[in-house]
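Q: I would like a close look at a single part of this model, set out carefully and with its terms explained.
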Amino acid sequence: MNAETIFFTEAPEFRHSTVLLGQAVEIVAVPASFTWHHGDGTSQVTSKAGAPYPAKDVTHTYAKVATGLTPRVDVGYRVSYRVNGGPSLEIDQLITAAGPAARLDVAEARPVIVAP
C-alpha cells in the first residue's frame with residue numbers, strides 16, 4: 001500500500017459588481033463543496049479546500065503504481081446576488097467550476113526497517 005497523497009487547492013471567494021439591463025447587480029460566490037477526482041476512478045467530496053503538508057485535511061491512498069493519472073478538483077460555489085442594493089438572494093443549487101487536470105505518477109512506497 002502506498003503513502004497518503006495530500007490534495008489541496010485555492011478557491012477564493014468571488015465578488016463582482018456590474019450593471020445589467022440598467023440595474024446594479026452584486027454577485028458573491030463562496031466555495032462550498034470540493035469534488036476530488038483522484039485519476040484512478042475514485043473520487044471524494046469534502047467541504048474543505050485541503051491544505052499543504054503537513055496538514056492532511058484531504059488525502060487519498062493509491063492502491064497501485066500508475067503513470068499518467070489526471071487528478072482534478074471541481075469546486076461547487078454557493079452564489080448569491082443583490083439588485084440595486086436590495087436583499088441578498090441565494091441561488092438554490094451550487095454552481096460547479098470544473099478544475100483543470102494535473103498529471104500524476106504514483107510510485108510504490110516501500111517501508112524499510114532500520115536499526116535505532
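Why does strand β2 (residues 14-20) lie largely in the open, and how many of its 7 residues are buried?

A: This is a predicted model, in which local features need pLDDT of at least 70 and side-chain atom pairs count only at pLDDT 80 or more, while totals for chains, interfaces and linings use all residues. Residues are numbered from 1 along each chain as its sequence is written, and side-chain values use heavy atoms, with hydrogens and water left out.

Strand β2 (a DSSP run of E, at least two residues, numbered from the N terminus) has 7 residues, and the number of them that are buried (under 20% relative accessible area, 1.4 Å probe, protein chains only) is 0, so the strand lies largely in the open. Its partner is strand β3 (residues 23-37), with which β2 pairs (at least two DSSP bridges) in the antiparallel sense over 7 bridges. Within this pairing, H16 stands opposite I27 in β3. The two strands form a hairpin with 2 residues between them, and L21 in the turn has a positive phi of about 55 degrees.

Following the chain from β3 towards β4 (43-46), one comes to H38 in the loop between these strands. H38 is buried, with a relative accessible area of 2%. Not counting residues up to four places away in sequence, H38 touches F7, S43, Q44, H60, Y62 and P71 (heavy atoms within 4.5 Å). With one of these, H60, the side chain of H38 makes a polar contact, side chain to side chain, at 3.5 Å (N or O atoms within 3.5 Å, one able to donate a hydrogen and the other to accept it).

Technical notes. Buried < 20%, exposed > 50% of the residue type's maximum accessible area, 1.4 Å probe, protein only. Helix = DSSP H or I, 4+ residues; strand = E, 2+ residues; numbered from the N terminus.
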